[in-house]
Amino acid sequence: MSEFEIHRATKRRAKLRLGMSGPAGSGKTYSALLIASGLGGRVGMIDTEHGSGDLYADLLPEGYDVLRLAPPFTPGRYIEAIRALEQAGVTTIIIDSLTHAWSGEGGSLDRQGKIADRSGNSWQAWRQVTPEHNALVEALLQSRCHIIATMRAKTEYVQEKDERTGKSVVRKIGLAPIMRDGIDYEFTIFMELDAQHNAYVGKDRTRLFDGQIIRPDVDTGRQLLAWLQSGEEEPAATPPALSEQQKKELADSISGARDLDELYRVFASAYRTANAVPDQAALLELTRLKDERKAALESAEDLIYGAHA
């Protein structure tokens, strides 16, 4: 008997995975909130931009929640934030921005550089950092919420000739997102915003806006929601679970973390393992253990610093 399963392609209902990149001032946060409003339900934002998430508090009539994420911006802490909003009952999560998980303090590039400096082996450093990054990507893809992730773009200025006046003008453009190469492939739809708040839709599996230049708004969210809900319901299945040995090994790795840096690393790995099943009960238990270990480590640090004060 063949080990492969072959089935007729069937469109099923899905959750949105939307990526948005653009230079400063392109309207990433504003656009993300409008689209989230069109999706309906409760909106939550992971804000890494120093409180900018509260600046649009009056934009949505229904309001939205903000979870401020401070450094270190490790993938593990992003995963924690996603889990916290999921447990709070949010239906759409805006990550503003995902760039910090890559190039921010404590992000993958920062961690890779520090590990390489200590070990003298850049390749070995990536072997440690890549699984953490992959765990975050997996959390984005497996979340039961709609996900809208904004990313900063490298900013460049170009000089062009204004056809009306004949004079040269300088225009700011956004280039590739500041994130690991290939991140756009992980999303259902990817938009590149410019300084005039227009979005070029370069990738669109929904085929609603493919290749178009649009101004994202509430109606954009409504159109996406209609497409996402147009498929069949996923068939009911018995909830999968990790083996007792797997759960014990993951729990031991979390409880045995020697510092916060190691805790975030092992929790990211544990989250990825449990989420791949996905075993929701194990995820809750591993998160509880992580919170307990985090509190213990922080308490120990306070005692050390207090003794030297």
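Me: Starting with the loops: where is His197 placed in this one?

Reply: This is a predicted model, to be clear from the outset. His197 has its place in the loop between strand S7 (189–193) and strand S8 (199–204). Its phi is positive, about 70 degrees, although His197 is not a glycine.

Me: What makes His197 partly exposed?

Reply: The relative accessible area of His197 is 34%. Buried needs under 20% and exposed needs over 50%, so with 34% His197 falls in between and gets called partly exposed.

Me: And Arg207, what is the sign of its phi?

Reply: Positive, about 65 degrees, and again the residue is not a glycine. Arg207 sits in the loop between S8 and strand S9 (213–214).

Me: How do you know whether Arg207 is buried or exposed?

Reply: Put its value against the cut-off: Arg207 has a relative accessible area of 64%, and exposed means over 50%, so Arg207 is exposed.

Me: Staying around S8, why does Lys203 count as buried?

Reply: Lys203 is part of strand S8. Its relative accessibility is 16%; the limit for buried is under 20%, so Lys203 counts as buried.

Me: Which residues is Lys203 in contact with, leaving aside neighbours within four places in sequence?

Reply: Asp184, Tyr185, Glu186, Phe187, Thr188, Ile189, Phe190 and Asp210. Contact here takes heavy atoms within 4.5 Å. As for Leu242, 39 residues away along the chain, its C-alpha atom is 35 Å from that of Lys203.

Me: On to the helices. How do you know what span to expect for H7?

Reply: Helix H7 covers residues 244–255, which makes 12 residues. The expected span is 1.5 Å times one less than the number of residues, and for H7 that is given as 16 Å. The end C-alpha atoms of H7 are 16 Å apart, so the two agree.

Me: Which residues of H7 are buried?

Reply: Leu250, Ala251 and Ile254. Looking down the axis of H7, these buried residues fall within an arc of 100 degrees, so they line one face of the helix.

Me: How does H4 do on span?

Reply: Helix H4 (residues 108–119) has 12 residues and reaches 16 Å from its first C-alpha to its last, close to the 16 Å expected at 1.5 Å a residue. Right after H4 comes Gly120, with a positive phi near 75 degrees.

Me: Which residues of H4 are buried, and what do they line?

Reply: The buried set is Ser108, Arg111, Gln112, Ile115 and Ala116. Seen down the axis of H4, they fall within an arc of 130 degrees, so they line one face of the helix. On the other side of H4 you find Asp117 and Arg118, which are exposed.

Me: What do the buried residues of H4 pack against?

Reply: Four helices in turn: H2 (75–87), H3 (100–103), H5 (122–142) and H8 (260–275). In helix H5 you also find Glu132, and leaving aside neighbours within four places in sequence, Glu132 is in contact with Pro75, Arg111 and Arg265.

Me: What makes Glu132 count as buried?

Reply: Its relative accessibility is 5%. Buried is under 20%, so Glu132 meets the cut-off.

Me: Where are the cis peptide bonds at Pro72 and Ser97 placed?

Reply: Pro71 and Pro72 are joined by a cis bond with omega about 5 degrees, and Pro72 is in the loop between strand S3 (65–68) and H2. The bond from Asp96 to Ser97 is cis with omega near 10 degrees; Ser97 is in the loop between strand S4 (92–96) and H3.

Me: Last topic, pockets. What volume does the largest pocket have, and which residues lie nearest its centre?

Reply: The volume is about 410 Å³. Of its 17 lining residues, Arg13, Ala14, Lys15, Arg144 and His146 lie nearest the centre. By class, the lining has 6 nonpolar, 5 polar and 6 charged residues.

Me: And the second largest pocket, what is its volume?

Reply: About 300 Å³. Among its 16 lining residues, Pro23, Ala24, Gly25, Lys28 and Thr29 are the closest to its centre. Helix H1 (28–39) and strand S5 (146–161) each supply at least two lining residues, and the lining divides into 5 nonpolar, 7 polar and 4 charged.

Key: Residues are numbered from 1 along each chain as its sequence is written. This is a predicted model: local features need pLDDT of at least 70, side-chain atom pairs count only at pLDDT 80 or more; totals for chains, interfaces and linings use all residues. Side-chain values use heavy atoms; hydrogens and water are left out. Buried means under 20% relative accessible area, exposed over 50%, partly exposed in between (1.4 Å probe, protein chains only). The arc is that of the directions from the helix axis to the C-beta atoms. On a 1 Å grid over the protein atoms alone, a cavity is a set of points where a 1.4 Å probe fits but cannot get out, and a pocket is an open set with protein on both sides within 12 Å along at least five of seven lines; lining residues have an atom within 4 Å of a point. Grid points are joined across faces, edges and corners, and a volume is the space filled by probe spheres set on the points. Ala, Val, Leu, Ile, Met, Phe, Trp, Tyr, Cys and Pro count as nonpolar, Asp, Glu, Lys and Arg as charged, and the others, Gly among them, as polar.
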